[in-house]
Amino acid sequence: MPASSAGELAELSLQTIGGTITLRRSAGRWTLPEHRIAADEDAAAQLIRTITALSATRLIGTPDANAVDRTTPTLIITTRNAMRAPNASGEVIRRVLVQELRVFGASDASG
C-alpha cells in the first residue's frame, strides 16, 4: 500500500468473514474504538509494518462487476490517512486519503 506512508495513518480496518476490527489513532496512541480500550502499541506497529509491506495491483476506476460478483475476498483492509498541506494562500487544507486493499489469496507459493 504505497500511499500508506502519505500523511499520518489515522485508522486501519481489517474485515474478514469472521468480523471487523478497527484501530484508530487518538492523541498519538492506537485504540480499539468499538471496545473503548487502548491497543497494544507493539502489536499495532507490527500489523502496520506488515500491511504497508504488502504488494498489490492497483486498480483505478470501476471494477469489472462480473469478476467482483464471482469472487469473495478473504480480507479487506481499509486505511485512512490524514493529510495536511498549505494551499497557495498559506491556508492549511486537510484531506483524508482512503485506500482499500482486497485480498483474494496469495499470488504465489512464496507470497
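Which residue is the bridge partner of Arg 80 in strand 6? Let's work towards that and more, one exercise at a time.

**Before we start**

This is a predicted model, in which local features need pLDDT of at least 70, side-chain atom pairs count only at pLDDT 80 or more, and totals for chains, interfaces and linings use all residues. Residues are numbered from 1 along each chain as its sequence is written, and side-chain values use heavy atoms, with hydrogens and water left out.

**Exercise 1. Find the partners of Arg 80 and place its strand in the sheet.**

Step 1. Helices (H or I, at least four residues) and strands (E, at least two) are DSSP runs, numbered from the N terminus. Two strands pair if DSSP finds at least two bridges between them.

Step 2. Strand 5 (residues 75-86) runs antiparallel to strand 1 (residues 8-16), with 7 bridges. Here Glu 11 is the residue opposite Arg 80.

Step 3. Strand 5 is also joined to strand 6 (residues 92-103), again antiparallel, by 12 bridges. In strand 6, Val 98 is the bridge partner of Arg 80, which settles our opening question.

Step 4. Look at the hairpin of strand 5 and strand 6: 5 residues lie between the strands, and Gly 90 has a positive phi near 90°.

Step 5. Now zoom out. The open sheet has 6 strands in the order 4-3-2-1-5-6, with antiparallel pairing. Its edge strands, each pairing on one side only, are strand 4 (37-38) and strand 6.

**Exercise 2. List the salt bridges and decide which ones belong together.**

Step 1. Start with the rule: a salt bridge is a side-chain nitrogen of Lys or Arg within 4 Å of a carboxyl oxygen of Asp or Glu. Side chains of opposite charge can pair when their charged atoms come close.

Step 2. The whole structure holds 3 salt bridges. One joins Arg 24 to Glu 11, with the closest N and O atoms 2.8 Å apart. Arg 24 sits in strand 2 (residues 19-26) and Glu 11 in strand 1, so this pair links parts 13 residues apart in sequence.

Step 3. Another joins Arg 80 to Glu 11, at 3.2 Å between the closest N and O atoms. Because Arg 80 lies in strand 5 and Glu 11 in strand 1, the parts tied together are 69 residues apart in sequence.

Step 4. Glu 100 and Arg 102 also meet in a salt bridge, 2.7 Å from N to O. Through shared partners, Glu 11, Arg 24 and Arg 80 form one network.

Step 5. Is Glu 11 buried or exposed? Buried means under 20% relative accessible area, exposed over 50%, and partly exposed in between (1.4 Å probe, protein chains only). Glu 11 has 13% relative accessibility, so Glu 11 counts as buried. Arg 24, at 36%, is partly exposed, and so is Arg 80, at 31%.

**Exercise 3. Describe the largest nonpolar core and what Ile 48 touches.**

Step 1. A nonpolar core is a set of buried Ala, Val, Leu, Ile, Met, Phe, Trp, Tyr and Cys residues joined through side-chain atoms within 4.5 Å.

Step 2. The largest nonpolar core has 12 residues, including Leu 9, Leu 12, Trp 30 and Ile 48. Strand 1, strand 3 and helix 1 each give two or more residues to this core.

Step 3. Contact means heavy atoms within 4.5 Å. Leaving aside residues up to four places away in sequence, Ile 48 touches Leu 9, Leu 12 and Trp 30.
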